[in-house]
Amino acid sequence: LLKLGLRAMIGKGRRSQAVIDAMKEAGAVYFGATGGAAALIAKSITRAEVVCYEDLGPEAIHRFEVVDFPAVVLIDSQGNDLYETGPAAYRLP
């Protein structure tokens, strides 16, 4: 999907190094949203459409248009990974 133009993903877990490398190559970012905040997050979605795999229901691939979307960049287009840098900033020496 990254090779086909995907530039942003929303998820809830770590990405493998292979995915991070592909994201860097494509200039893509990975967003995470606060768990349990679906009702708040849904208010930011102004348009949604299924792009493919409609038979998968909520696991289908969607295109969303959002305004003031409450998410955090977990992995940026340079490969900086908050799952690594966040805990490292607070690790005791």
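This section covers the nonpolar core, a buried loop residue and a nonpolar surface patch. The model is predicted.

The largest nonpolar core holds nine residues in all. Its members are Leu2, Met9, Ile20, Met23, Ala26, Ala28, Tyr30, Leu74 and Ile75. Two elements, helix H1 (17-26) and strand S5 (72-75), each supply at least two residues of this core. H1 gives the most, with three residues.

Leu74, one of the core residues, has contacts on two stretches of the chain. It touches Tyr30, Phe31 and Gly32, and also Asn80, Asp81, Leu82 and Tyr83. Residues up to four places away in sequence are not counted here. Among these partners, Tyr30 is itself a member of the core.

Ser44 lies in the loop that runs between helix H2 (38-42) and strand S3 (45-52). The residue counts as buried because its relative accessibility is 7%, and the cut-off for buried is under 20%. With residues up to four places away in sequence left out, Ser44 touches Glu65, Val66, Val67, Asp68, Phe69 and Pro70.

Val66 also takes part in a surface feature. Together with Ile10 and Phe64, Val66 makes a nonpolar surface patch of about 260 Å². Phe64 is placed in strand S4 (residues 61-66). Its relative accessible area is 39%, so Phe64 is classed as partly exposed. This class lies between the limits of 20% for buried and 50% for exposed. Val66 thus appears both in the patch and among the contacts of the buried Ser44.

Terms used. Residues numbered from 1 in each chain as written. Predicted model: local features only at pLDDT ≥ 70, side-chain atom pairs only at ≥ 80, totals over all residues. Heavy atoms only, no water. Core = buried A, V, L, I, M, F, W, Y, C linked by side-chain atoms within 4.5 Å. Buried < 20%, exposed > 50% of the residue type's maximum accessible area, 1.4 Å probe, protein only. Helix = DSSP H or I, 4+ residues; strand = E, 2+ residues; numbered from the N terminus. Contact = heavy atoms within 4.5 Å. Patch = residues over 30% accessible without salt bridge, like charges linked within 9 Å, V, L, I, M, F, W, Y side chains within 5 Å. Areas by Shrake-Rupley, 256 points an atom, 1.4 Å probe, with all protein chains shown as cover. Salt bridge = Lys/Arg side-chain N within 4 Å of Asp/Glu carboxyl O.
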